[in-house]
Structure formats: structure tokens, C-alpha cells
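Please open the structure in your viewer and keep the selection tool at hand, since each stop on this tour begins with something to select.

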Amino acid sequence: MQMTADQFRIIQISDPHLGRRRPFFQHNWEVLVELLNAETYDLIVCTGDMSIEGAEFEDELVFAAQQFERIRGPVLFTPGNHDIGNSLPDVRGGETAITAARCDAFVRYFGPDFWSRDIGSHWRLVGLNSMLPGSGLDGEAQQQAMIEEVVASAAGRRLMVFKHKPLYVRQPDETAMTQSALYPEHRARLKDTLSSAGNALICSGHIHDYKTASWEGLDQIWAPSTAFVIDRDGLLHPLHGIRRTGYLVHTLAGDKHSHEFVEPDRFLNIDVGNWMRAPETFHARYHAEPLRGLTLADGQQS
Ligand SMILES: [Fe+2]
Ligand SMILES: [Fe+2]
């Protein structure tokens, strides 16, 4: 991709959680489609969870992909746990987990689940599948080989890595295996692999909080969700950053990067934190609670 003029604008959206069965978050999506179609940008990257239930129902992946056709491209995607299933081992139990078939379905509708693109002479964008590490699937080794190759051939380009899960939740040395972030072994492997490429920038989603962090040369930006937050006040789920819906605009100018957190004034800040009070666990309700009341008929936009 060419850098037009002297700037390259990337709009990072994350976690829109689209669903035909459970269209809780369609309002913000409709607003986002209008806004993006009036915006100036060079690329959109969506860092996962395009769907709510794409891992369970392939037609939900199709629905989410069709929704993205309403946005002017180019758009690049990295898969989320709601799209292809979560990481292995299944530390919470009862999880819909990653499989080769689920990854294949993702690729059919959203394109490669890991990729790289060069922007001008200073930047190399890298998209990763956060759930492949530890899966034992062929894709795990293939993705690792790609990361090693893009690092080895970077030739001074700075890496800007997009992936669904953050490197860690609170501290880089945390030892817990949590589905909220990369497992410690995979975090260490990624850091080791990226280390010879200099100061990489890691842009993630998944937590639905906006935050920046840095760890020994790895700068991190967590993108907010465009769809919803989880427990806004941090009563049941500790706050990590700014817990509001929105999206990010990244600007690459020469070798410089800056970003902006955008909160459209027509967005709703839907908070699904009460689902954490569910006796069958938040996870169960997140995956099963139906939308009640009127829903839009197929194909109806307003
Ligand atoms: Fe999400
Ligand atoms: Fe997620």
C-alpha cells in the first residue's frame, strides 16, 4: 500500500459484535457506517469480534462480513474469539474453542487470519490471529514462521501489529493463564520474536477498554469496542482504562505515529456488566442472552 501525500490514516475499529440472531449493538454500527462513509482514511483495520456468535454459527460470520461490505475499503481483519472460538487450553471450561474448520470459515468471509502489508518506506503492518498460539493447528506454526519472516526482512521498517488480544492484562510478568490476554508462554514467544525488530507497536481489542501501555520497547494501544462496554464503573470487573465505546484513528507521518480516541456523539455506551451478576456466569449470559422486543426485519436498515 502506498502512503498518499505524507500521511497514512488507519481507522482501527474493534469488537463491533454484529449479529443477526442477537442484534443488541446494531445502533452503533449504523452510526459507524454513516461516519466512516463520510470520513477520509487510507485503511480500516478491525481487530476482531466482528460477530457475537460467528464461532457457533457460520451464517453469523456471513452476516457480519455482509455488514462490512457497507463500508468503503480497504478493510483488513484479525479474528476474535467470538469469530473463531477461544484459545486452547480451555482454562474457563465449556468454551467454544478454536478449530481448523472455524479458522477456514473466517478466511472464507474475512480474508487471511494473519497477514502483513508495507506502508511507505517506514512501516510494516502485521495482522495476527491471537487464538492460534497453543492451538496445535497447522496455522500456529505457519503464523509463527510469518512473524519470524516479517521481522527478519523488516529492513528498518517499524512493525505495527494488530491482533485481538492484548499481550497481558495488568503486568507483563503476570503468570495467570487468562482468556483476556495471551497466555504467558505465548506472550514471551511473541516478545522474543519481535525483539530484533526494534520498537514495535501492538494494537489490540478484546477487553473493550481504551488504554496505552509500554513494555521494554513494545508500545501497546488497546482499542475500545464500537459496540459495548463491560461494567463501566468497575464494580465487578476492574477498570483497565477508559471504558467507553469509540474507535481509534492512527496517523502515520513519515516514521512518526500518533493516535486519537474518537467518541462519536451519536454512539450509545451500552454496558453489559450486569451479565456478570448471572449465577451461570457472565460468560454463559454473554453467549446466550437473547435480545427481547422488536427486531429489524431482514434487509431493513431503519
Ligand atoms: Fe469483544
Ligand atoms: Fe474478544
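Begin by selecting residues 123-127, which form strand E5, together with residues 158-162, which form strand E6; in this predicted model the two strands pair in the parallel sense over 5 bridges. Within this pairing, if you click on Val126, you can look across to Val161, its bridge partner in E6.

Next, select residues 138-152 to bring up helix H5, which packs on the sheet and touches E4, E5 and E6, with a direction that makes about 175 degrees with that of E5.

Now widen the view to the whole sheet, which is open, has 6 strands in the order E4-E5-E6-E7-E9-E8, and shows mixed pairing. Select 115-119 for strand E4 and 211-215 for strand E8, and you will find them at the edges, where each has a single partner strand, so one side of each is left without a neighbour in the sheet. Neighbouring strands of this sheet are turned by 20 degrees against each other on average, if direction is ignored.

Return to strand E6 and select Leu159, whose contacts beyond four places in sequence include Arg124, Val126, Leu194 and Leu201. Leu159 also belongs to the largest nonpolar core, which has 52 residues, and it is among the members that touch the most other members, together with Ile13, Phe68, Ile71, Phe110 and Leu194. Apart from this core lies another one, of 19 residues, and you can locate it by selecting Val45, Met160, Leu201 and Leu252, which are among its members.

The next stop is the metal site, so select the iron ion (ligand 1) first. Which residues coordinate the iron ion (ligand 1)? They are Asp15 (OD), His17 (NE2), Asp49 (OD) and His208 (NE2), at 2.1 to 2.3 Å, and of these, both Asp15 and His17 are buried. The angles among the 4 donor atoms run from 86 to 172 degrees, and the site is irregular.

Now select the iron ion (ligand 2), which is coordinated by Asp49 (OD), Asn81 (OD1), His164 (NE2) and His206 (ND1), at 2.1 to 2.2 Å. Here the 4 donor atoms subtend angles of 87 to 158 degrees, which makes this arrangement irregular. Keep both ions in view and select Asp49, because this residue bridges the iron ion (ligand 2) and the iron ion (ligand 1), which lie 3.5 Å apart. Finally, select Asn81 in helix H3 (residues 81-84) and His206 in the loop between strand E7 (201-204) and E8, a pair that links parts of the chain 125 residues apart; Asn81 and His206 are buried.

Methods: Residues are numbered from 1 along each chain as its sequence is written. Chains are lettered from A and ligands numbered from 1 in the order in which they are written. This is a predicted model: local features need pLDDT of at least 70, side-chain atom pairs count only at pLDDT 80 or more; totals for chains, interfaces and linings use all residues. Side-chain values use heavy atoms; hydrogens and water are left out. A nonpolar core is a set of buried Ala, Val, Leu, Ile, Met, Phe, Trp, Tyr and Cys residues joined through side-chain atoms within 4.5 Å. Buried means under 20% relative accessible area, exposed over 50%, partly exposed in between (1.4 Å probe, protein chains only). Contact means heavy atoms within 4.5 Å. Two strands pair if DSSP finds at least two bridges between them. Helices (H or I, at least four residues) and strands (E, at least two) are DSSP runs, numbered from the N terminus. Axes are lines fitted to C-alpha atoms, for helices over the stretch in contact, and angles run from 0 to 180 degrees between N-to-C directions. Donors are N, O and S atoms within 2.8 Å of the metal (3.2 Å for Na, K and Ca); water is not among the atoms, so sites may look incomplete. Four donors count as tetrahedral if all angles lie between 85 and 135 degrees; four count as square planar and six as octahedral if opposite donors are over 155 degrees apart and all others between 65 and 115; anything else is irregular.
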